[in-house]
Amino acid sequence: MAILKIKDPPTGEWQEVTVMQGKSGPQGPAGPAGPNEITTETQTNLTGLLKGNGTNVQLAEAGTDYQAPIVETTATLVATDWVVGDYSITQAVSVDGVRLRNKVIISPDINSMEEYLRTGIYCAKQSYNALTFQSTVTTPPTNDLTINVLIMG
């Protein structure tokens, strides 16, 4: 016979209990299946979107497991900041959140639309936190132009 020590919760003292050892008998019937679902009552320290990998629940990653949120912002093309070249004008503007891998949608604000289109401006380059605009005309716009920017991914 084996001796098993168990701590008595009320007294905090250890008590020795004799345990019989022997061969195990036949397996008893299976009990009911436990809950295997996540509900509004499930408690966890995970926050954010969750995904299953076939075995466990994990946090999902933005841009990998689901579309990252779209960022809406604006940029201003300042009338006096255009660099005038022999055949074109260019201007780089800072736009937080822009990366080379992002998909970026550019459109002039409704109040800047006419001059933006008249001068043939377009976004020519995308880099880290910046967009560069260009036009094939050499006369810059006379007004500041507001540009709407959607950053995806």
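**Entry 1: salt bridges**

I began with arginine 118, which forms a salt bridge with glutamate 115, the closest N and O atoms being 3.2 Å apart. I note here that this is a predicted model. Both residues belong to helix H1 (residues 113-118), and because they are three residues apart there, about one helical turn separates them. I then checked how each one is covered. Arginine 118 counts as exposed, at 56% relative accessibility. Glutamate 115 counts as buried, at 9% relative accessibility.

How many salt bridges does a search of the whole structure find? My search gave two. Besides the pair in H1, I found lysine 51 and aspartate 65, whose side chains meet in a salt bridge at 3.1 Å, N to O. Lysine 51 lies in strand S3, while aspartate 65 sits in the loop between strand S4 (57-59) and S5, so this pair ties together parts that are 14 residues apart in sequence. I looked up the cover of these two as well. Lysine 51 is partly exposed, with a relative accessible area of 29%, and aspartate 65 is also partly exposed, at 34%.

**Entry 2: a nonpolar patch**

While I was at S3, I turned to leucine 50, which has its place in that strand (residues 50-52). Leucine 50 counts as partly exposed, at 38% relative accessibility. I also found leucine 50 in a nonpolar surface patch of about 410 Å², made together with Ile38, Leu46, Val57 and Leu59.

**Entry 3: the sheet of three strands**

Next I traced an open sheet of three strands, in the order S5-S11-S8 and with antiparallel pairing. Which strands stand at the edges? They are strand S5 (71-77) and strand S8 (103-108); each has a single partner strand, so one side of each is left without a neighbour in the sheet. On average, and with direction ignored, neighbouring strands of this sheet are turned by 25° against each other.

I followed one pairing in more detail. S8 and strand S11 (residues 145-152) are joined over six bridges in the antiparallel sense. For valine 104, I noted isoleucine 151 as the bridge partner in S11.

**Entry 4: asparagine 102**

I stopped at asparagine 102, found in the loop between strand S7 (89-94) and S8. Is asparagine 102 buried or exposed? I have it down as buried, with a relative accessible area of 7%. The side chain of asparagine 102 reaches the backbone nitrogen of arginine 99 at 2.5 Å.

**Entry 5: the sheet of four strands**

I then mapped a second open sheet, where four strands follow the order S6-S7-S10-S9 with antiparallel pairing. Strand S6 (83-84) and strand S9 (122-127) are at the edges with a single partner strand each, so one side of each is left without a neighbour in the sheet.

I walked through the pairs in turn:

- S6 and S7 run antiparallel and are joined by two bridges. The two form a hairpin with four residues between them, and valine 83 stands opposite threonine 90 in S7.
- S7 and S10 pair in the antiparallel sense over six bridges. Here serine 94 stands opposite alanine 130 in S10.
- S9 and strand S10 (residues 130-135) pair in the antiparallel sense over five bridges. Alanine 130 appears again, as the bridge partner of serine 127.

**Entry 6: the two faces of S7**

I wanted to see how S7 is covered. In a regular strand the side chains alternate between the two faces of the sheet. In S7, I found a covered face with Ile89, Gln91 and Val93, and an uncovered one with Thr90, Ala92 and Ser94. Alanine 92, which lies in strand S7, counts as exposed at 56% relative accessibility. I also took a distance from there: the C-alpha atoms of alanine 92 and serine 127 are separated by 9.9 Å, with the two residues 35 apart along the chain.

**Entry 7: asparagine 129**

My last stop was asparagine 129, in the loop between S9 and S10. What is phi of asparagine 129? The angle is near 60°, a positive value in a residue other than glycine. Most residues other than glycine have a negative phi. Asparagine 129 counts as buried, at 19% relative accessibility; the cut-off for buried is under 20%.

Key
Residues numbered from 1 in each chain as written. Predicted model: local features only at pLDDT ≥ 70, side-chain atom pairs only at ≥ 80, totals over all residues. Heavy atoms only, no water. Patch = residues over 30% accessible without salt bridge, like charges linked within 9 Å, V, L, I, M, F, W, Y side chains within 5 Å. Areas by Shrake-Rupley, 256 points an atom, 1.4 Å probe, with all protein chains shown as cover. Salt bridge = Lys/Arg side-chain N within 4 Å of Asp/Glu carboxyl O. Buried < 20%, exposed > 50% of the residue type's maximum accessible area, 1.4 Å probe, protein only. Pairing = 2+ DSSP bridges. Axes fitted to C-alpha atoms, helices over the stretch in contact; angles between N-to-C directions. Polar contact = N/O pair within 3.5 Å; in protein donor to acceptor, adjacent residues only side chain to side chain.
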